[in-house]
Amino acid sequence: MEEFCDVVVIGAGPSGSVAACKLLDAGFKVIILEKLEFPRFVIGESLLPKCNAILEDIGILDLIEKQNYMLKPGAIFIDENKNEELIDFRNNLGEEHNTSFQVKREEFDNTLLNAAKSKGADIRHKFEVVDYDNSTNTIFAIDENDKRYSFKARFVLDSSGYGRVLPKLMDLDIPSDLKLRNAILMRVTGEKRREEEKEGFIDIVIHDDNKAWLWGIPFSDGITSMGLVCEESYFTDTKLSKEDFLKKVISEHKYLKEKYKDAKQVAPVRIINGYSAAIKRMYGKGFALSGNATEFLDPVFSSGVTLALESSSKVASLIIKELNGETVDWQKDYEDYMMIGVNVFREFVYAWYSGKLRKIFYAKNKSKQIEKSIASILSGYVWDESNYFVKDTKRKIDALVSLIEE
Ligand code: FAD
(Lines give C-alpha, C1' and ligand atoms only; values in the text may rest on other atoms or scores of the structure.)
Protein backbone atom coordinates (compact mmCIF):
# COMPACT_ATOMS: atom_id res chain seq x y z
CA MET A 1 0.00 0.00 0.00
CA GLU A 2 1.26 3.45 -0.84
CA GLU A 3 0.83 6.37 1.57
CA PHE A 4 1.02 10.08 0.74
CA CYS A 5 2.28 13.04 2.74
CA ASP A 6 3.94 16.41 2.28
CA VAL A 7 7.33 15.47 3.74
CA VAL A 8 8.90 12.13 4.60
CA VAL A 9 11.69 12.55 7.15
CA ILE A 10 14.18 9.68 7.37
CA GLY A 11 15.50 9.34 10.93
CA ALA A 12 14.28 10.61 14.29
CA GLY A 13 17.52 12.05 15.66
CA PRO A 14 17.70 15.75 16.62
CA SER A 15 17.97 16.70 12.99
CA GLY A 16 14.82 14.86 11.92
CA SER A 17 12.74 15.93 14.92
CA VAL A 18 13.63 19.61 14.73
CA ALA A 19 12.91 19.78 11.00
CA ALA A 20 9.61 17.96 11.61
CA CYS A 21 8.62 20.46 14.34
CA LYS A 22 9.10 23.40 11.97
CA LEU A 23 7.27 21.70 9.10
CA LEU A 24 4.36 20.73 11.34
CA ASP A 25 4.12 24.28 12.71
CA ALA A 26 3.76 25.42 9.10
CA GLY A 27 0.83 23.04 8.64
CA PHE A 28 2.40 20.24 6.60
CA LYS A 29 1.72 16.53 6.98
CA VAL A 30 4.96 14.83 8.07
CA ILE A 31 5.81 11.14 8.36
CA ILE A 32 9.01 10.25 10.24
CA LEU A 33 10.49 6.83 9.44
CA GLU A 34 12.87 5.61 12.14
CA LYS A 35 14.77 2.34 11.98
CA LEU A 36 14.94 1.83 15.75
CA GLU A 37 12.66 1.75 18.76
CA PHE A 38 13.24 4.73 21.09
CA PRO A 39 14.89 5.39 23.46
CA ARG A 40 18.09 4.29 21.73
CA PHE A 41 21.75 5.01 22.39
CA VAL A 42 23.60 7.43 20.15
CA ILE A 43 26.81 9.32 20.84
CA GLY A 44 26.91 13.14 20.93
CA GLU A 45 26.09 14.19 24.47
CA SER A 46 27.65 17.61 24.88
CA LEU A 47 25.74 20.49 23.33
CA LEU A 48 26.75 24.05 22.42
CA PRO A 49 24.91 27.30 23.26
CA LYS A 50 23.95 27.75 19.61
CA CYS A 51 21.70 24.67 20.06
CA ASN A 52 19.77 26.59 22.72
CA ALA A 53 19.29 29.51 20.35
CA ILE A 54 17.88 27.17 17.66
CA LEU A 55 15.65 25.31 20.12
CA GLU A 56 14.30 28.64 21.35
CA ASP A 57 13.62 29.73 17.80
CA ILE A 58 11.55 26.57 17.27
CA GLY A 59 9.76 27.12 20.58
CA ILE A 60 10.97 24.01 22.42
CA LEU A 61 13.81 25.35 24.57
CA ASP A 62 11.58 25.53 27.65
CA LEU A 63 10.78 21.84 27.23
CA ILE A 64 14.50 21.00 27.26
CA GLU A 65 15.15 23.31 30.22
CA LYS A 66 12.58 21.34 32.25
CA GLN A 67 14.52 18.07 31.83
CA ASN A 68 17.05 18.67 34.62
CA TYR A 69 20.06 18.22 32.35
CA MET A 70 23.50 19.23 33.56
CA LEU A 71 24.17 22.82 32.57
CA LYS A 72 27.23 23.13 30.31
CA PRO A 73 29.07 26.42 30.76
CA GLY A 74 32.11 25.48 28.67
CA ALA A 75 35.09 23.21 28.15
CA ILE A 76 38.53 22.66 29.70
CA PHE A 77 41.44 21.50 27.55
CA ILE A 78 44.18 19.81 29.57
CA ASP A 79 47.54 18.55 28.30
CA GLU A 80 50.19 16.29 29.80
CA ASN A 81 52.26 19.24 31.02
CA LYS A 82 49.35 20.40 33.15
CA ASN A 83 48.59 23.28 30.80
CA GLU A 84 44.90 24.04 31.13
CA GLU A 85 42.67 26.27 29.05
CA LEU A 86 39.19 26.88 30.37
CA ILE A 87 36.81 28.16 27.71
CA ASP A 88 33.87 29.74 29.47
CA PHE A 89 31.02 30.22 27.01
CA ARG A 90 29.76 33.09 29.16
CA ASN A 91 32.89 35.02 28.15
CA ASN A 92 31.63 35.31 24.58
CA LEU A 93 31.14 38.17 22.12
CA GLY A 94 27.74 38.99 23.58
CA GLU A 95 25.54 36.24 22.18
CA GLU A 96 22.45 35.80 24.33
CA HIS A 97 22.64 32.03 24.78
CA ASN A 98 25.93 31.37 26.52
CA THR A 99 25.49 27.97 28.19
CA SER A 100 24.07 24.67 27.03
CA PHE A 101 23.51 21.13 28.36
CA GLN A 102 25.21 17.78 28.83
CA VAL A 103 22.56 15.25 27.82
CA LYS A 104 22.13 11.52 27.54
CA ARG A 105 21.03 11.41 23.93
CA GLU A 106 18.58 8.57 24.48
CA GLU A 107 16.66 11.03 26.71
CA PHE A 108 17.26 14.23 24.74
CA ASP A 109 16.31 12.70 21.38
CA ASN A 110 13.18 11.21 22.90
CA THR A 111 12.15 14.62 24.23
CA LEU A 112 12.63 16.22 20.81
CA LEU A 113 10.73 13.43 19.11
CA ASN A 114 7.87 13.77 21.59
CA ALA A 115 7.76 17.48 20.77
CA ALA A 116 7.31 16.56 17.09
CA LYS A 117 4.70 13.98 18.06
CA SER A 118 2.73 16.53 20.09
CA LYS A 119 2.68 18.78 17.00
CA GLY A 120 1.15 15.95 14.96
CA ALA A 121 4.09 14.01 13.46
CA ASP A 122 3.20 10.53 12.25
CA ILE A 123 6.14 8.51 13.60
CA ARG A 124 6.86 4.96 12.44
CA HIS A 125 9.46 3.18 14.54
CA LYS A 126 11.20 0.05 13.26
CA PHE A 127 10.71 1.26 9.71
CA GLU A 128 14.02 1.03 7.89
CA VAL A 129 14.30 3.01 4.69
CA VAL A 130 15.84 0.78 2.03
CA ASP A 131 15.17 2.46 -1.31
CA TYR A 132 14.22 5.73 -2.98
CA ASP A 133 12.72 6.47 -6.38
CA ASN A 134 13.69 10.06 -7.08
CA SER A 135 11.57 10.28 -10.26
CA THR A 136 8.33 9.80 -8.28
CA ASN A 137 9.72 10.92 -4.89
CA THR A 138 8.79 7.60 -3.31
CA ILE A 139 10.55 6.16 -0.27
CA PHE A 140 10.50 2.43 0.38
CA ALA A 141 10.83 1.04 3.89
CA ILE A 142 10.67 -2.38 5.52
CA ASP A 143 9.37 -3.23 8.97
CA GLU A 144 10.88 -5.78 11.37
CA ASN A 145 9.13 -8.60 9.48
CA ASP A 146 10.59 -7.42 6.19
CA LYS A 147 7.18 -6.22 5.02
CA ARG A 148 7.66 -3.49 2.41
CA TYR A 149 5.90 -0.11 2.48
CA SER A 150 6.02 2.87 0.15
CA PHE A 151 5.61 6.54 0.97
CA LYS A 152 5.13 9.13 -1.74
CA ALA A 153 6.00 12.64 -0.65
CA ARG A 154 6.17 16.13 -2.08
CA PHE A 155 9.59 16.37 -0.42
CA VAL A 156 12.00 13.88 1.19
CA LEU A 157 14.37 14.94 3.96
CA ASP A 158 17.18 12.56 4.83
CA SER A 159 18.14 13.03 8.49
CA SER A 160 19.42 9.47 8.91
CA GLY A 161 22.69 10.47 10.58
CA TYR A 162 25.30 7.72 10.46
CA GLY A 163 22.80 5.67 8.40
CA ARG A 164 23.53 8.01 5.44
CA VAL A 165 20.55 6.61 3.54
CA LEU A 166 20.34 8.91 0.50
CA PRO A 167 24.11 9.46 0.25
CA LYS A 168 24.43 5.68 -0.18
CA LEU A 169 21.38 5.17 -2.42
CA MET A 170 22.14 8.16 -4.66
CA ASP A 171 25.93 7.88 -4.75
CA LEU A 172 26.40 11.19 -2.96
CA ASP A 173 29.07 10.01 -0.51
CA ILE A 174 32.66 11.19 -0.82
CA PRO A 175 35.51 10.41 1.58
CA SER A 176 36.15 12.98 4.29
CA ASP A 177 39.39 14.93 4.05
CA LEU A 178 39.94 14.13 7.74
CA LYS A 179 41.93 11.06 8.79
CA LEU A 180 40.19 7.82 9.80
CA ARG A 181 39.80 7.90 13.54
CA ASN A 182 38.28 5.59 16.13
CA ALA A 183 36.31 6.49 19.22
CA ILE A 184 36.21 4.07 22.17
CA LEU A 185 33.71 5.01 24.85
CA MET A 186 31.80 3.97 27.95
CA ARG A 187 29.93 5.41 30.92
CA VAL A 188 31.20 5.41 34.49
CA THR A 189 30.23 6.60 37.92
CA GLY A 190 32.26 7.46 41.00
CA GLU A 191 35.18 9.15 39.23
CA LYS A 192 36.78 12.19 40.82
CA ARG A 193 35.06 15.29 39.42
CA ARG A 194 37.02 18.53 39.58
CA GLU A 195 35.12 21.66 40.64
CA GLU A 196 34.59 22.76 37.03
CA GLU A 197 33.12 19.38 36.14
CA LYS A 198 30.74 19.63 39.06
CA GLU A 199 29.59 22.87 37.41
CA GLY A 200 29.16 21.00 34.12
CA PHE A 201 32.32 21.78 32.11
CA ILE A 202 33.36 19.01 29.69
CA ASP A 203 37.03 18.05 29.99
CA ILE A 204 39.17 17.26 26.98
CA VAL A 205 42.44 15.62 27.98
CA ILE A 206 45.41 15.25 25.64
CA HIS A 207 47.42 12.02 25.73
CA ASP A 208 50.78 11.19 24.14
CA ASP A 209 51.21 14.51 22.35
CA ASN A 210 47.59 14.30 21.14
CA LYS A 211 47.91 10.87 19.52
CA ALA A 212 44.78 10.36 21.58
CA TRP A 213 42.46 12.72 23.41
CA LEU A 214 39.79 11.83 25.94
CA TRP A 215 36.51 13.46 26.85
CA GLY A 216 34.68 13.46 30.19
CA ILE A 217 31.06 14.60 30.07
CA PRO A 218 29.41 14.91 33.49
CA PHE A 219 25.66 14.18 33.61
CA SER A 220 23.37 15.49 36.34
CA ASP A 221 22.69 11.97 37.74
CA GLY A 222 26.35 11.38 38.67
CA ILE A 223 27.10 9.28 35.59
CA THR A 224 29.90 10.42 33.29
CA SER A 225 30.34 9.70 29.62
CA MET A 226 34.01 9.14 28.86
CA GLY A 227 35.81 8.11 25.73
CA LEU A 228 38.89 8.50 23.64
CA VAL A 229 39.58 9.41 20.06
CA CYS A 230 42.69 8.35 18.16
CA GLU A 231 43.87 7.40 14.71
CA GLU A 232 42.87 3.85 13.87
CA SER A 233 46.43 2.49 13.81
CA TYR A 234 47.22 3.94 17.24
CA PHE A 235 44.65 1.48 18.60
CA THR A 236 45.01 -1.48 16.22
CA ASP A 237 48.84 -1.56 16.43
CA THR A 238 48.56 -2.39 20.15
CA LYS A 239 46.53 -5.53 19.29
CA LEU A 240 44.64 -4.92 22.54
CA SER A 241 40.89 -5.26 23.00
CA LYS A 242 39.02 -1.94 23.12
CA GLU A 243 38.51 -2.41 26.88
CA ASP A 244 42.22 -3.05 27.56
CA PHE A 245 43.31 -0.23 25.27
CA LEU A 246 41.11 2.25 27.14
CA LYS A 247 42.47 0.99 30.47
CA LYS A 248 46.05 1.24 29.20
CA VAL A 249 45.67 4.86 28.09
CA ILE A 250 44.07 5.84 31.41
CA SER A 251 46.78 4.07 33.41
CA GLU A 252 49.54 5.85 31.45
CA HIS A 253 48.16 9.33 32.04
CA LYS A 254 48.82 10.87 35.45
CA TYR A 255 45.69 13.06 35.53
CA LEU A 256 43.37 10.40 34.12
CA LYS A 257 44.74 7.65 36.37
CA GLU A 258 43.93 9.74 39.42
CA LYS A 259 40.57 10.90 38.05
CA TYR A 260 39.24 7.42 37.22
CA LYS A 261 40.89 5.42 40.00
CA ASP A 262 37.59 4.75 41.86
CA ALA A 263 35.36 4.80 38.79
CA LYS A 264 32.91 1.97 38.10
CA GLN A 265 31.88 1.13 34.58
CA VAL A 266 28.09 1.32 34.13
CA ALA A 267 27.74 0.73 30.39
CA PRO A 268 29.50 -1.48 27.85
CA VAL A 269 32.62 -0.24 26.10
CA ARG A 270 31.69 0.68 22.54
CA ILE A 271 33.76 1.50 19.50
CA ILE A 272 32.83 3.76 16.60
CA ASN A 273 35.05 3.53 13.53
CA GLY A 274 35.81 6.02 10.80
CA TYR A 275 32.89 8.31 11.49
CA SER A 276 34.04 11.36 9.47
CA ALA A 277 32.06 11.66 6.25
CA ALA A 278 31.47 14.11 3.42
CA ILE A 279 29.01 14.62 0.64
CA LYS A 280 28.90 15.65 -3.04
CA ARG A 281 25.85 17.85 -2.52
CA MET A 282 23.22 18.43 0.14
CA TYR A 283 20.12 18.62 -2.02
CA GLY A 284 18.53 17.62 -5.31
CA LYS A 285 15.15 17.70 -6.99
CA GLY A 286 12.54 16.93 -4.32
CA PHE A 287 15.01 16.00 -1.59
CA ALA A 288 17.60 17.37 0.81
CA LEU A 289 19.90 16.07 3.53
CA SER A 290 20.43 17.46 7.00
CA GLY A 291 22.54 16.74 10.09
CA ASN A 292 25.08 13.95 10.03
CA ALA A 293 23.66 12.61 6.78
CA THR A 294 25.60 15.51 5.20
CA GLU A 295 29.14 16.07 6.47
CA PHE A 296 30.50 14.97 9.83
CA LEU A 297 33.85 16.32 10.89
CA ASP A 298 35.16 15.30 14.29
CA PRO A 299 33.85 15.20 17.85
CA VAL A 300 36.52 17.36 19.50
CA PHE A 301 34.47 20.57 19.67
CA SER A 302 31.08 18.89 20.20
CA SER A 303 29.79 20.55 17.03
CA GLY A 304 27.70 17.65 15.63
CA VAL A 305 24.30 18.34 17.18
CA THR A 306 24.69 22.08 16.63
CA LEU A 307 25.30 21.55 12.90
CA ALA A 308 22.46 19.01 12.84
CA LEU A 309 20.01 21.47 14.42
CA GLU A 310 21.10 24.44 12.33
CA SER A 311 20.92 22.48 9.08
CA SER A 312 17.52 21.02 9.88
CA SER A 313 16.10 24.35 10.97
CA LYS A 314 17.43 25.98 7.80
CA VAL A 315 16.34 23.14 5.51
CA ALA A 316 12.83 23.11 7.00
CA SER A 317 12.41 26.84 6.28
CA LEU A 318 13.44 26.25 2.66
CA ILE A 319 11.17 23.20 2.25
CA ILE A 320 8.28 25.32 3.55
CA LYS A 321 9.08 28.00 0.94
CA GLU A 322 9.27 25.45 -1.86
CA LEU A 323 6.07 23.66 -0.88
CA ASN A 324 4.36 27.05 -0.74
CA GLY A 325 5.31 27.60 -4.38
CA GLU A 326 8.22 30.00 -3.87
CA THR A 327 11.53 29.59 -5.69
CA VAL A 328 14.40 28.39 -3.53
CA ASP A 329 18.08 28.85 -4.32
CA TRP A 330 19.22 25.64 -2.58
CA GLN A 331 22.87 26.16 -3.42
CA LYS A 332 23.12 29.66 -2.00
CA ASP A 333 20.57 29.53 0.79
CA TYR A 334 21.31 26.04 2.04
CA GLU A 335 24.57 24.42 1.02
CA ASP A 336 26.74 27.57 0.76
CA TYR A 337 25.29 28.86 4.03
CA MET A 338 25.88 25.58 5.89
CA MET A 339 29.43 25.30 4.57
CA ILE A 340 30.36 28.65 6.14
CA GLY A 341 29.88 27.11 9.60
CA VAL A 342 31.18 23.67 8.69
CA ASN A 343 34.38 25.15 7.26
CA VAL A 344 35.05 27.24 10.38
CA PHE A 345 34.81 24.10 12.52
CA ARG A 346 36.87 22.18 9.92
CA GLU A 347 39.77 24.64 10.27
CA PHE A 348 39.54 24.48 14.05
CA VAL A 349 39.64 20.66 13.85
CA TYR A 350 42.72 20.78 11.57
CA ALA A 351 44.36 23.27 13.93
CA TRP A 352 43.56 21.00 16.88
CA TYR A 353 45.32 17.99 15.34
CA SER A 354 48.25 20.03 13.94
CA GLY A 355 48.94 21.47 17.40
CA LYS A 356 48.32 25.09 16.31
CA LEU A 357 45.20 25.47 18.38
CA ARG A 358 46.93 24.20 21.49
CA LYS A 359 49.54 26.94 20.99
CA ILE A 360 46.72 29.50 20.93
CA PHE A 361 44.88 27.93 23.86
CA TYR A 362 47.93 27.84 26.10
CA ALA A 363 49.40 31.22 25.09
CA LYS A 364 49.49 33.50 28.10
CA ASN A 365 49.33 36.76 26.16
CA LYS A 366 46.03 36.40 24.26
CA SER A 367 43.93 39.51 23.96
CA LYS A 368 40.52 39.57 25.62
CA GLN A 369 38.93 39.95 22.18
CA ILE A 370 40.61 36.77 20.91
CA GLU A 371 39.49 34.89 24.03
CA LYS A 372 35.91 36.00 23.46
CA SER A 373 36.06 35.19 19.75
CA ILE A 374 37.25 31.65 20.54
CA ALA A 375 34.51 31.23 23.17
CA SER A 376 31.90 32.26 20.59
CA ILE A 377 33.24 29.88 17.93
CA LEU A 378 33.33 26.98 20.38
CA SER A 379 29.78 27.93 21.42
CA GLY A 380 28.72 27.24 17.83
CA TYR A 381 28.36 30.84 16.59
CA VAL A 382 30.24 30.01 13.42
CA TRP A 383 28.13 32.07 11.02
CA ASP A 384 28.73 35.43 12.68
CA GLU A 385 31.00 37.29 10.28
CA SER A 386 31.86 39.89 12.90
CA ASN A 387 33.80 37.14 14.70
CA TYR A 388 37.53 37.39 13.82
CA PHE A 389 37.72 33.64 13.02
CA VAL A 390 34.70 33.27 10.74
CA LYS A 391 36.25 34.50 7.47
CA ASP A 392 39.66 33.19 6.30
CA THR A 393 39.76 30.96 9.35
CA LYS A 394 42.98 29.16 8.45
CA ARG A 395 44.89 32.37 7.67
CA LYS A 396 43.71 33.97 10.92
CA ILE A 397 44.74 30.94 13.00
CA ASP A 398 48.15 30.85 11.29
CA ALA A 399 48.64 34.59 11.81
CA LEU A 400 47.87 34.25 15.50
CA VAL A 401 50.24 31.31 15.92
CA SER A 402 53.03 33.31 14.21
CA LEU A 403 52.41 36.22 16.59
CA ILE A 404 52.50 33.88 19.59
CA GLU A 405 55.75 32.31 18.40
CA GLU A 406 57.51 35.67 17.87
P1 FAD B 1 21.44 10.78 14.46
O2 FAD B 1 21.44 11.31 15.83
O3 FAD B 1 22.46 9.73 14.12
O4 FAD B 1 19.99 10.25 14.12
C5 FAD B 1 19.72 9.58 12.90
C6 FAD B 1 18.56 8.61 13.08
O7 FAD B 1 18.31 7.99 11.82
C8 FAD B 1 18.87 7.48 14.05
O9 FAD B 1 17.90 7.42 15.06
C10 FAD B 1 18.89 6.23 13.18
O11 FAD B 1 18.39 5.08 13.85
C12 FAD B 1 17.99 6.64 12.03
N13 FAD B 1 18.27 5.88 10.80
C14 FAD B 1 19.47 5.53 10.29
N15 FAD B 1 19.32 4.81 9.17
C16 FAD B 1 17.98 4.72 8.95
C17 FAD B 1 17.20 4.08 7.95
N18 FAD B 1 17.75 3.38 6.94
N19 FAD B 1 15.85 4.18 8.03
C20 FAD B 1 15.25 4.86 9.05
N21 FAD B 1 15.96 5.45 10.03
C22 FAD B 1 17.31 5.39 9.98
N23 FAD B 1 27.94 15.88 18.71
C24 FAD B 1 27.73 16.83 19.64
O25 FAD B 1 26.99 17.78 19.38
N26 FAD B 1 28.31 16.75 20.88
C27 FAD B 1 29.17 15.75 21.22
O28 FAD B 1 29.66 15.70 22.34
C29 FAD B 1 29.46 14.77 20.23
N30 FAD B 1 30.27 13.74 20.50
C31 FAD B 1 30.53 12.81 19.54
C32 FAD B 1 31.47 11.80 19.81
C33 FAD B 1 31.80 10.87 18.82
C34 FAD B 1 32.80 9.82 19.10
C35 FAD B 1 31.16 10.95 17.55
C36 FAD B 1 31.50 9.96 16.47
C37 FAD B 1 30.22 11.94 17.29
C38 FAD B 1 29.91 12.88 18.27
N39 FAD B 1 28.97 13.89 18.03
C40 FAD B 1 28.79 14.85 18.97
C41 FAD B 1 28.22 13.97 16.77
C42 FAD B 1 26.78 13.47 16.93
O43 FAD B 1 26.78 12.10 17.22
C44 FAD B 1 25.99 13.70 15.64
O45 FAD B 1 26.39 14.89 15.04
C46 FAD B 1 24.47 13.77 15.87
O47 FAD B 1 24.01 12.60 16.46
C48 FAD B 1 23.77 14.03 14.53
O49 FAD B 1 22.36 14.01 14.69
P50 FAD B 1 21.43 13.54 13.49
O51 FAD B 1 20.05 13.83 13.90
O52 FAD B 1 21.94 14.08 12.22
O53 FAD B 1 21.68 11.95 13.40
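# Ligand contacts and a buried alanine

Visitor: What makes the Glu-34 side chain a polar contact of the ligand?

Guide: An oxygen atom of the ligand is 2.6 Å from an N or O atom in that side chain, and a polar contact is a pair of N or O atoms within 3.5 Å, so this pair counts. A side-chain N or O of Tyr-162 sits 2.7 Å from a ligand oxygen, while for Ile-43 a backbone N or O atom is 2.6 Å from one. Taken alone, the ligand exposes 1000 Å² (Shrake-Rupley, 1.4 Å probe), and the protein buries 96% of that. Keep in mind that this is a predicted model, with local features needing pLDDT of at least 70, side-chain atom pairs 80 or more, and totals for chains, interfaces and linings using all residues. Residues are numbered from 1 along each chain, and side-chain values use heavy atoms, without hydrogens or water.

Visitor: Which residues surround the ligand most closely?

Guide: There are 37 around it, and the closest are Glu-34, Ile-43, Tyr-162, Asn-292 and Val-305. To be near, a residue needs a heavy atom within 4 Å. The largest share of that shell, three residues, comes from α10.

Visitor: Why is Ala-212 called buried?

Guide: Its relative accessibility is 0%, and buried means under 20% (exposed is over 50%, partly exposed in between; 1.4 Å probe, protein chains only), so Ala-212 is buried.

Visitor: What is Ala-212 in contact with, beyond its neighbours within four places in sequence?

Guide: Val-205, Ile-206, His-207, Val-229, Cys-230 and Tyr-234, where contact means heavy atoms within 4.5 Å. Ala-212 itself lies in strand β14, residues 212-218; a strand is a DSSP run of E, at least two residues.

How values were computed: Helices (H or I, at least four residues) and strands (E, at least two) are DSSP runs, numbered from the N terminus. A polar contact is a pair of N or O atoms within 3.5 Å; within protein, one must be able to donate a hydrogen and the other to accept it, and residues adjacent in sequence count only if both atoms are side-chain atoms.
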